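Here are my notes on this model, written as numbered points. Keep the structure open beside you as you read.

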Amino acid sequence: MADPKKYLIDGPIGKIEIAVDWPTEAIEQNVPARGIALIAHPHPLLGGTMDNKVAHTLARTFMQLGYVAVRSNFRGVGQTAGEHDQGNGEQDDLLAVLEHLRAQPLCADSPLVLAGFSFGTFVLSHLAQRLAQNNISVQRLVFVGTAAGRWAVAPVPEDTIVIHGEQDETIPLTEVFDWARPQELPVTVIPGADHFFHRKLHLLKRIIVENWRV
């Protein structure tokens, strides 16, 4: 994958640092992308950034699927302005990122995918609800290392792809099952995987690609 384009855009309280990976077909043939994949990273106070290897794998996966993959640093991370806001201001920033992308010619009216890892799943679960309230449709959600039990992850649509590591030491698998069970939401478990999917990222990518039906 080519190096993503990184730059600053205007947000509600200042600049937001983003990284954008464009699918090859859209660039070479000047055709619209299949959609926009908005990717959210782990908790910033625990070292999470948009360069996290799981977030990077999500970007690479969606670029392969023909989507513009967009990552942004949460408040106080990298060159993004502000301080950590418990996921609230982070949602506002992601809305600004989405607005910026949809203003690009190859992204206008593009379908939207929300893909999050760890704390990013908490942020995106509530962002999805805000988008629904504003009649903005989301094509699909992809949650990896879902932060259930640690943060109040909201219910999600029944076609959400949920992937978790069997040996996740940060978010125990039982807590994800407790969140998913009332929703009758399937969870795909990668045997032997820890929270950061060490040596299992190829399986993470394969599961998403093989289950991509929209």
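How many helices and how many strands does the chain have?

1. **Make-up of the chain.** This is a predicted model. The chain has 6 helices and 8 strands. Follow the sequence and they come in the pattern β-β-α-β-α-β-α-β-α-β-β-α-β-α. The radius of gyration is 16 Å, close to the 17 Å that the globule rule gives for 214 residues, so the chain is as compact as a globular protein of that length.

2. **Extent.** Look at the C-alpha trace next. Along its principal axes, the trace spans about 45 × 35 × 35 Å.

3. **Inside and outside.** Of the 214 residues in the chain, 52% are buried. Here, buried means under 20% relative accessible area. The chain exposes about 9700 Å². Carbon and sulfur atoms supply 48% of that exposed area.

4. **Contacts along the sequence.** Take the contacts between residues at least 6 apart in sequence. Among these, 70% join residues at least 24 apart.

5. **Charges.** The side chains include 18 positive and 24 negative ones. The centres of the two sets lie 5 Å apart.

6. **The hairpin of E1 and E2.** Strand E1 covers residues 5-10. E1 pairs with E2 in the antiparallel sense, over 6 bridges. One residue pair to find is aspartate 10 and its bridge partner in E2, lysine 15. The hairpin has 4 residues between the strands. Glycine 14 takes a positive phi there, near 155°.

7. **The other partner of interest.** Which strand, at residues 67-72, pairs with E2? That is strand E4. E2 and E4 run in the antiparallel sense and share 4 bridges. In E4, alanine 69 is the bridge partner of aspartate 21.

8. **Burial of E2.** Why is strand E2 described as largely enclosed by the rest of the structure? E2 spans residues 15-21, and 6 of its 7 residues are buried, so the rest of the structure largely encloses this strand.

9. **Arginine 60.** This residue sits in helix H2, which covers residues 53-64. Is arginine 60 buried, exposed or partly exposed? Its relative accessibility is 33%, so arginine 60 counts as partly exposed. The partly exposed class lies between the buried cut-off, under 20%, and the exposed cut-off, over 50%.

10. **A distance to check.** Now go from arginine 60 to histidine 126. They are 66 residues apart in sequence. In space, arginine 60 and histidine 126 are 24 Å apart, C-alpha to C-alpha.

Technical notes: Residues are numbered from 1 along each chain as its sequence is written. This is a predicted model: local features need pLDDT of at least 70, side-chain atom pairs count only at pLDDT 80 or more; totals for chains, interfaces and linings use all residues. Side-chain values use heavy atoms; hydrogens and water are left out. Helices (H or I, at least four residues) and strands (E, at least two) are DSSP runs, numbered from the N terminus. The radius of gyration is taken over C-alpha atoms; the globule rule is 2.2 Å times the number of residues to the power 0.38. Buried means under 20% relative accessible area, exposed over 50%, partly exposed in between (1.4 Å probe, protein chains only). Contact means heavy atoms within 4.5 Å. Accessible areas come from the Shrake-Rupley method with a 1.4 Å probe; for residues, only the protein chains shown count as cover. Lys and Arg count as positive and Asp and Glu as negative; His and the chain ends are not counted. The place of a charge is taken as NZ of Lys, CZ of Arg, CG of Asp or CD of Glu. Two strands pair if DSSP finds at least two bridges between them.
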